[in-house]
Amino acid sequence: MKSYQILVCTTLAILWGGGASTCRAASTPELEPLPPLRCLPPRLTVLSLSVHIQANLGDALVREALKTGVDLRQYSKQVERELQQIENASIKDYIKESKNIASLHTQITACDAVLERMEAMLSSFQSDLSSISCEIQTLQEQSVAMNVRLRNRQAVRGRLSQLVDELVVPSVMISTILETPVTDQAFLEQLHELNSKVNAVKEQAFRETMACGDVTDVLDKLKAKAVAKIREFILQKIYSFRKPMTNYQIPQNALLKYRFFYQFLLGHERSVAKEVRDEYLETMSKIYLSYFKSYTSRLMKVQYEEVAEKDDLMGVEDTARKDILPSLRNRNTVFTLGNRGSVIGGAELEGPIIVPHSAQKSDVRYPFESLFRSQHYALLDNSCREYLFLCDFFLVTGTPALDLFSAVMGKTLAMFLKHMDAYVSDCYDGIAIFLCIHVVLRFKTIMAKRNVPAIDKYWDTLLEMLWPRFEHILKLNIQSIQNTDPQKLGFLDTRPHYITRRYAEFSSAIVGINQTIPHDCTLALLGQLQTEVENFVLRVAAEFSSRREQLIFLINNYDMMLGVLLERAVEESKEVEGFQQLLSARTQEFIEELLAPGFGGMIAFVKEAEALAERGQLERLRGEEARVTQLVRGFAGTWKAAVESLSQDVMRSFTNFKNGTSIIQGALTQLIQYYHRFHKVLAMPPLKALPVRSELLNIHHLMVEVKKHKPNF
């Protein structure tokens, strides 16, 4: 029966595709014994088995067994023996390892016990975790609820604490407000606290907080006491301004340290704040008016004793009155700028103001523009300081600040305008007026940089007063030149006229000043003045009998005016350019006149010959052999003496050596050019064959000789 099972097993293995290996594996001791044939599945019946055998005849092992003709029964026995051997060997191995197997069994049993206990523990732990999770969730809910309650309590506590702090009046505040001087820092600190509490109580009272009624009376009494002490302190400071010889800037700076006092009054007792402000405005208005009125009066006493009058015009002749003045230092210059322009310079413009009593002791006198600068710089400085104080202490800006400033400085500014109107209406010093205009323009710029618009209207009013006067003075000078009759000027010579010198000095002064801040109105009036002076020079030149004297007079005057203008004006200015053109034209004409006595014949011949050449009439020169011979020999014999005489004549005629030198050099250059043209004329066909051409001086030799006669000034 056993062999049958092995055979069936082998056959099934072969049929199922396992081969011998499958059979061997099935014969190992670890496998369970094969079930009885009756236990095979129904599908493995004899019929089905034969079907499977038929279907698997193609298997290699089956084909090999059938091919070799092996007896299946013998083969089954052989397999059974092999299996028996393997089974015996396995049993021996099991017996040999029985202790280890027993030990392993013991260990496995122990592990099972441990794992069982761990399973029990984990089950218990899982149960505990489940209960802990429920507790954590409960605690979290409780924590959220407690956190909400805490925030609500903190919010309520914060508001209640703030409310209590705002309403409670500490004893230290009461004692400090009642007993401590206002200048003490502790008083200022408690005043800030009192201000905060009063404002807080007002806010809470608006919200109908019942607790406000408990502290309102105390706060009102403290506020009244603080207002009384502050009022007394500020008024005492203001009254101290009124003491003679007081530097009001010191108590003013002291008030700035306590600017909160006025803020407190303004917030809690407006009537007292207005009283303090009005007292300050009235006091400072009187102080400034008194100070500047006295300063202006004393300042005008150190002005030059002799000032410009209505007869001090360009076209009016100097009289003997001007020559008997006691001292030149006591007289202002009318047409000359000199050092007067320094008043608008950076150093003096914002320099210290003039101290009248010190100047009187030193017997120092000043022109009006210096007094004007000093007076208005003091006004500028005080106005800036006062405006900034008003804005800072009285807490105002814009139009309210300007209104307060006007209340303080209004009378002073009106006094200034009245004084300036009285002085300017009788002033004939154009340079002084023009310098005052530029002082105003610069001071206006300074105040704009300081961001103080307090007296902008005053500056504009002052300019509206000064500009018309300056234009009026210029028109008076223009009219005086128009009315000047050259025939009534007495003896005339070719030197620069005093009227042109006055114009040159005055014009250069105005042009030099105007270059810093140009003004079109000034340029237009100066243009009219220049035109009248040019006409005047031409009228005076017409009084000379000879053209030579006329040209000398014109050149001397143009050169003098140009030289004075160039000292202060730039070369691109209209005045300089105009006189340069006039001087150049008259100089060229004078050079022609200068060359005429010694070289007129040669010059006339050259011009005639060149004119004939242009018209194509050179044949008319064939009859000029005698004239040409005389000109060539005459030039060679007399040119040196003529040049020497020319040089001496020029140096005697012109007061400006530099101008005379320039004219001599121009004349000699023109002479060389004419002689060079004379050479070209003699080289023309009608004159080319003349023997006298050999006597012509070499042009380069002439140039070398001429250079020896140039003056070295």
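Here are three short exercises on salt bridges, each with a worked solution.

The model is predicted, so local features need pLDDT of at least 70, side-chain atom pairs count only at pLDDT 80 or more, and totals for chains, interfaces and linings use all residues. Residues are numbered from 1 along each chain as its sequence is written, and side-chain values use heavy atoms, with hydrogens and water left out.

**Exercise 1.** Find how many salt bridges the model has.

Start with the rule: a side-chain nitrogen of Lys or Arg must lie within 4 Å of a carboxyl oxygen of Asp or Glu. Apply that rule, and you get 20 salt bridges.

**Exercise 2.** Work out which parts of the chain Glu 305 and Arg 365 tie together.

First, the contact: their side chains form a salt bridge, 3.6 Å from N to O. Next, place them: Glu 305 sits in the loop between helix H12 (270-299) and helix H13 (346-349), and Arg 365 in the loop between helix H14 (356-362) and helix H15 (368-393), so the pair ties together parts 60 residues apart in sequence. Helices here are DSSP runs (H or I, at least four residues), numbered from the N terminus.

**Exercise 3.** Look at Glu 608 and Arg 627, and say which helices they tie together.

Their closest N and O atoms are 2.9 Å apart, in a salt bridge. Glu 608 belongs to helix H22 (residues 574-615) and Arg 627 to helix H23 (residues 625-653), so this pair bridges 19 residues of sequence. Now check exposure: Glu 608 has a relative accessible area of 40%, so it's partly exposed (between buried, under 20%, and exposed, over 50%, with a 1.4 Å probe and protein chains only). Arg 627, at 27%, is partly exposed too.

Note on methods
Helices (H or I, at least four residues) and strands (E, at least two) are DSSP runs, numbered from the N terminus.
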